[in-house]
Each structure stands twice: as C-alpha cells, then as structure tokens.
Amino acid sequence: LGRVVQIEAIGLRDPMVKTRSGVTFGANFKTVVSKYANPDGYEIAGDNMFVKYLTRGKVAFRFARLAPKKPQVVVGVVVAAGKS
C-alpha cells in the first residue's frame, strides 16, 4: 500500500552509502563479519555472493570479485524496513 520495504544501493564507491555499522562499498567479507557476526544465510554464484543479516540487522550485502585473485568486496547494500 505505497510503503517502502527495502532500498538497495549498487556501486563501487560512494561515501554516502554506508550501514549503521559503517560498512560501505569495497568492504571485504572479513570486515562485514566483524561488524555483523555470522550471517543468517548466503547465496554463492560464481564470483558473486549475497550475504543476509535480515533477522538481526535488516541488511544484506552483495559481494563481487572485481579482479582475478582478489577477494570479493561489497558492491551492493540492501536495507530492509522493520515491522512497525
């Protein structure tokens, strides 16, 4: 009924895009886990990964490998609305 339920930012660099815990584009998996602990779930497809923290953090991250032999980094941040 006209309510926003989630917002997703996709990109490689933008200082305006960051979560409450300070995770932004370019963060690696280790950084995300240090801020949010173990994920609720994840999906892996080739060099891409989608990591979910929807139960506790209402956030999810898209990771991609941007260069061969480099770690995957955050290229997408999804923020879900909580129940009101």
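Which residues is V32 in contact with, leaving aside its neighbours within four places in sequence? I began my reading of this predicted model with that query, and I found V32 in contact with V23, A37, Y53, F61, F63 and V74.

Entry on confidence. Before going further I looked up how far the prediction can be trusted, and I noted a mean pLDDT of 91 for the protein chain, with 95% of its residues at 70 or more. By element, I found the confidence lowest in strand β1, residues 6–10, at a mean of 91, and highest in strand β4, residues 59–64, at 96.

Entry on the core. I then looked up the largest nonpolar core, which has 14 residues, and noted that V32, F61 and V74 touch the most other members. At least two residues of this core come from each of α1 (29–36), β3 (48–53), β4 and β5 (73–80). I set beside this the general remark that nonpolar side chains tend to be buried together in soluble globular proteins. Returning to V32, I see that F61 and V74 are both among its contacts.

Entry on the pocket. I looked up the largest pocket next and recorded a volume of about 150 Å³. Its lining consists of T19, R20, S21, Y36, R56, G57, K58, V59 and V79, and by class I count this lining as 3 nonpolar, 3 polar and 3 charged residues.

Entry on T19. From the pocket lining I picked out T19, which I located in the loop between β1 and α1. Is T19 buried or exposed? I have it down as buried, because its relative accessibility is 9% and the cut-off for buried is under 20%. Not counting residues up to four places away in sequence, T19 touches Y36, V59, F61 and V77; of these, Y36 and V59 also appear in the pocket lining, while F61 is one of the core residues that touch the most other members.

Entry on positive phi. I searched the backbone with the general expectation that most residues other than glycine have a negative phi. K58, another lining residue of the largest pocket, has a phi near 55°, a positive value in a residue other than glycine. I placed K58 in the loop between β3 and β4, and I class it as partly exposed because its relative accessibility is 33%. A37, which is among the contacts of V32, likewise has a positive phi, near 70°, without being glycine. I found A37 in the loop between α1 and β2 (41–45), where its relative accessibility of 42% makes it partly exposed.

Entry on N38. I stayed in the loop between α1 and β2 to look up N38, which counts as exposed because its relative accessibility is 58% and the cut-off for exposed is over 50%. Which residues does N38 contact, leaving aside its neighbours within four places in sequence? I noted Y53 and R56, and for the pair N38 and Y53, 15 residues apart along the chain, I recorded a C-alpha separation of 8.2 Å. Y53 is also in contact with V32, and R56 belongs to the lining of the largest pocket.

Entry on G26. I went back to the loop between β1 and α1 for G26, which is partly exposed at 41% relative accessibility. Residues up to four places away in sequence aside, G26 touches L12, V73 and V74, and I note that V74 is also in contact with V32. I then compared G26 with P39, 13 residues away in sequence, and found 18 Å between the two C-alpha atoms.

Entry on A64. My last query was A64, in strand β4, the element where confidence is highest. I class A64 as buried because its relative accessible area is 9%. Beyond four places in sequence, I found A64 touching D47, N48, P71, Q72, V73 and V75; V73 is also touched by G26. Between A64 and G11, which lie 53 residues apart along the chain, I recorded 11 Å from C-alpha to C-alpha.

Key:
Residues numbered from 1 in each chain as written. Predicted model: local features only at pLDDT ≥ 70, side-chain atom pairs only at ≥ 80, totals over all residues. Heavy atoms only, no water. 1 Å grid on protein atoms, 1.4 Å probe; cavity = no way out; pocket = protein on both sides within 12 Å on 5 of 7 lines; lining within 4 Å. Points joined across faces, edges and corners; volume = space filled by probe spheres on them. Nonpolar A, V, L, I, M, F, W, Y, C, P; charged D, E, K, R; others polar. pLDDT = per-residue confidence, 0-100. Helix = DSSP H or I, 4+ residues; strand = E, 2+ residues; numbered from the N terminus. Core = buried A, V, L, I, M, F, W, Y, C linked by side-chain atoms within 4.5 Å. Buried < 20%, exposed > 50% of the residue type's maximum accessible area, 1.4 Å probe, protein only. Contact = heavy atoms within 4.5 Å.
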